[in-house]
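Here are my notes on the model you sent over. Have it open while you read, since I go point by point.

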Amino acid sequence: MWGRAAWRRCPRGLRRGRGALLALLALLALAGLGSVLRTRRRAGAAETGLRRTPRSGRRDPVLPRPPVSEDALGAHGEAVRLELQGEELRLQEESVRLHQINIYLSDRISLHRRLPERWNPLCKEKKYDYDHLPTTSVVIAFYNEAWSTLLRTVYSVLETSPDTLLEEVILVDDYSDREHLKERLATELAGLPKVRLIRASKREGLVRARLLGASAAKGDVLTFLDCHCECHEGWLEPLLQRIHEKESAVVCPVIDVIDWNTFEYLGNPGEPQIGGFDWRLVFTWHVVPKRERIHMRSPVDVIRSPTMAGGLFAVSKRYFEYLGSYDTGMEVWGGENLEFSFRIWQCGGTLETHPCSHVGHVFPRQAPYSRSKALANSVRAAEVWMDEFKELYYHRNPHARLEPFGDVTERKQLRAKLQCKDFKWFLETVYPELHVPEDRPGFFGMLQNKGLKDYCFDYNPPNEHQITGHQVILYHCHGMGQNQFFEYTSQNEIRYNTHQPEGCVSVEAGSDVLIMHLCEEATPEDQKFILQEDGSLFHVQSKKCVQAERKELSDNSVPLLRDCTNSEHQKWFFKERMD
Ligand code: UD2
Ligand code: MN
């Protein structure tokens with residue numbers, strides 16, 4: 001593969017003359033020493049007597065999992081709902097308010113529970129090359145995390161990771177201010193093998209916090225986890241095996257949902273989903289496309305994914321450094337996952353999900369801390385990696401264009417140095433499923449009415465994952481993109497393409513209201529509108545025109561199909577932004 005060869009061909013500073021040569025020799029010597037040390041340690045671990053340790057010994061976890069009584073709360077990942085009243089109920093509600101996770105319940109569930117097996121049965125037949133797999137440092141950054149979710153993460157890593165493969169667990173405290181994370185945490189962790197605690201001296205945000213951990217890591221592979229996870233039996237081997245086979249592969253486990261309120265484990269044995277994004281640069285999940293299924297050699301082969309959710313992945317430490325680790329100009333939360341995904345692909349690596357590696361993650365009810373920096377982070381990703389396609393993003397988030405995003409010169413230099421491919425290549429090769437909007441000048445933005453001044457097409461999807469089914473309304477034009485962003489395509493569709501999958505305005509037979517349906521490959525008649533020179537919007541199937549009408553006793557107005565007249569209420573025009 002191009003990327004692999006390229007990054008192998010030019011190890012750090014090889015062409016920088018004698019000094020570099022010496023440095024290289026020193027590096028090789030160090031690497032050699034590293035591998036000797038590793039072999040020794042492994043041999044040491046295996047020497048438990050005169051006879052060789054049976055192979056299964058290699059799989060022994062760092063810590064055995066203590067027995068959990070059958071009737072313990074949520075012992076097997078089932079949903080728990082406590083019947084509470086009075087003070088107890090108040091405490092539970094308070095914990096949810098504080099963490100956006102039901103920590104009152106989490107505190108009552110074992111830190112060592114056994115999750116149900118939900119992986120493909122074929123995973124059990126996989127053989128791993130225990131003698132040759134790289135070791136890993138698990139890096140977990142945390143900010144003000146609750147005690148039980150954090151500790152459960154740590155125990156689950158120690159109780160599911162083979163001792164021979166786990167170098168260490170590095171916890172990075174991103175300048176938390178909660179009392180339980182101070183002395184008490186340090187004391188608790190001091191009693192655990194292989195666990196190290198690093199504290200940031202100011203709030204760094206997850207990118208720099210993870211990098212603090214990475215720079216202290218001694219393992220061959222960095223495995224990042226969030227601080228509210230639960231690893232499954234056998235989660236680690238598939239990740240390390242894949243990186244052993246292909247060092248430029250960045251590999252994600254399947255992320256199983258743990259319910260924030262009941263702690264039910266909602267793993268799915270079926271085919272995992274892969275990552276994408278929409279043109280607001282919001283991460284999205286997708287079913288595996290047919291082209292990828294054909295590429296896979298079996299249902300338990302790795303699945304290539306255009307993007308990653310961000311929190312859970314393994315990467316060779318060497319390759320991570322070669323790729324430029326993370327963009328340290330990113331603050332707090334957000335955007336780094338897409339930035340890293342684009343970078344991996346464009347600079348010659350691959351991003352994959354391994355269906356046999358499962359890790360549970362508690363998705364909180366809503367964000368537990370401010371994420372206002374996410375926008376600037378996304379802009380940095382767009383500026384460095386998306387070339388002219390960043391305009392499609394700005395059209396849909398006009399305010400992003402105004403966001404101060406700092407200096408990205410170094411990141412652009414990195415891109416040049418690594419000779420990374422362009423975004424067009426990424427879209428065509430890695431993510432061909434994503435519809436690339438045309439955004440023809442004068443045909444995208446707010447769709448405004450002439451008669452009902454200041455009223456624009458507006459669509460509020462039922463939820464982030466399902467955009468179809470609701471009626472299109474008219475609302476005061478706000479110029480913020482998002483729900484008022486529409487694109488009129490050369491296929492005569494009015495596309496609502498801020499979200500994925502994309503919606504197209506349509507009209508059901510015999511009806512006069514405009515409703516959102518999924519767009520189709522070839523535009524069906526009911527989704528065809530002709531925007532004429534005079535501004536009238538003609539619906540081809542019904543032969544009627546779209547008219548703005550005020551709704552009685554409501555702030556809303558609606559677009560409806562009516563016989564065509566010359567009324568100003570039937571005249572429409574696109575506007576990119578407010579004056
Ligand atoms: C998802 C990712 C998360 C990250 C984020 C985008 C998963 C399961 N989670 O959101 O890892 O990629 O998208 O940025 O894919 N943290 C700090 N300092 C901070 C903020 C967060 O250390 O200033 C820690 C936090 O305690 C946690 C991790 O970073 O361990 C990720 O944060 P999150 O869990 O709030 O993000 P999440 O899961 O909503
Ligand atoms: Mn998380």
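1. A word on classes before the ligand site: Ala, Val, Leu, Ile, Met, Phe, Trp, Tyr, Cys and Pro count as nonpolar here, Asp, Glu, Lys and Arg as charged, and the others, Gly among them, as polar. On that scheme, the shell around ligand 1 splits into eleven nonpolar, six polar and six charged residues. Keep in mind throughout that this is a predicted model.

2. Who sits around the ligand? There are 23 residues around ligand 1, and those that come nearest are Ala141, Asp174, Gly334, Glu336 and Tyr369. Tyr369 turns up again in the polar contacts: an N or O atom of the Tyr369 side chain is 2.5 Å from an oxygen atom of ligand 1. Trp333 also has a polar side-chain atom facing a ligand oxygen, at 2.9 Å. For Asp226, the distance from a side-chain N or O atom to an oxygen of ligand 1 is 2.8 Å.

3. How much of the ligand is covered by protein? On its own, ligand 1 exposes 730 Å², and 94% of that is buried by the protein. Two elements, β1 (136-142) and α7 (205-216), give two or more residues to the shell around ligand 1. The largest share belongs to α7, with three residues.

4. Now for the internal space. Searching the whole structure turns up five cavities of 30 Å³ or more, and the largest has a volume of about 50 Å³. Its lining is made up of Arg65, Leu111, His112, Arg113, Leu115, Arg152, Ser156, Glu159, Glu230 and Cys231. By class, that lining comes to three nonpolar, two polar and five charged residues.

5. Which elements build that lining? Both α5 (147-160) and β5 (229-231) supply at least two residues each. The top contributor to the lining of the largest cavity is α5, which gives three.

6. On charge pairing, I'd look at the Asp173 and Arg199 pair. Side chains of opposite charge can pair when their charged atoms come close. Asp173 and Arg199 form a salt bridge in which the closest N and O atoms are 2.9 Å apart. This pair ties together distant parts of the chain, with Asp173 in strand β2 (residues 166-173) and Arg199 in strand β3 (residues 195-199), 26 residues apart. In total, the structure holds 39 salt bridges.

7. Last, two spots in the backbone worth a look. Most residues other than glycine have a negative phi, and most peptide bonds are trans. Leu281, however, has a positive phi, near 65 degrees; Leu281 belongs to the loop between β7 (274-277) and β8 (283-286). The other spot is the peptide bond joining Gln500 and Pro501, which is cis, with omega about -10 degrees. Pro501 lies in the loop between β16 (494-496) and β17 (503-506).

Definitions and conventions. Residues numbered from 1 in each chain as written. Chains lettered and ligands numbered in written order. Predicted model: local features only at pLDDT ≥ 70, side-chain atom pairs only at ≥ 80, totals over all residues. Heavy atoms only, no water. 1 Å grid on protein atoms, 1.4 Å probe; cavity = no way out; pocket = protein on both sides within 12 Å on 5 of 7 lines; lining within 4 Å. Points joined across faces, edges and corners; volume = space filled by probe spheres on them. Helix = DSSP H or I, 4+ residues; strand = E, 2+ residues; numbered from the N terminus. Near = heavy atom within 4 Å. Polar contact = N/O pair within 3.5 Å; in protein donor to acceptor, adjacent residues only side chain to side chain. Areas by Shrake-Rupley, 256 points an atom, 1.4 Å probe, with all protein chains shown as cover. Salt bridge = Lys/Arg side-chain N within 4 Å of Asp/Glu carboxyl O.
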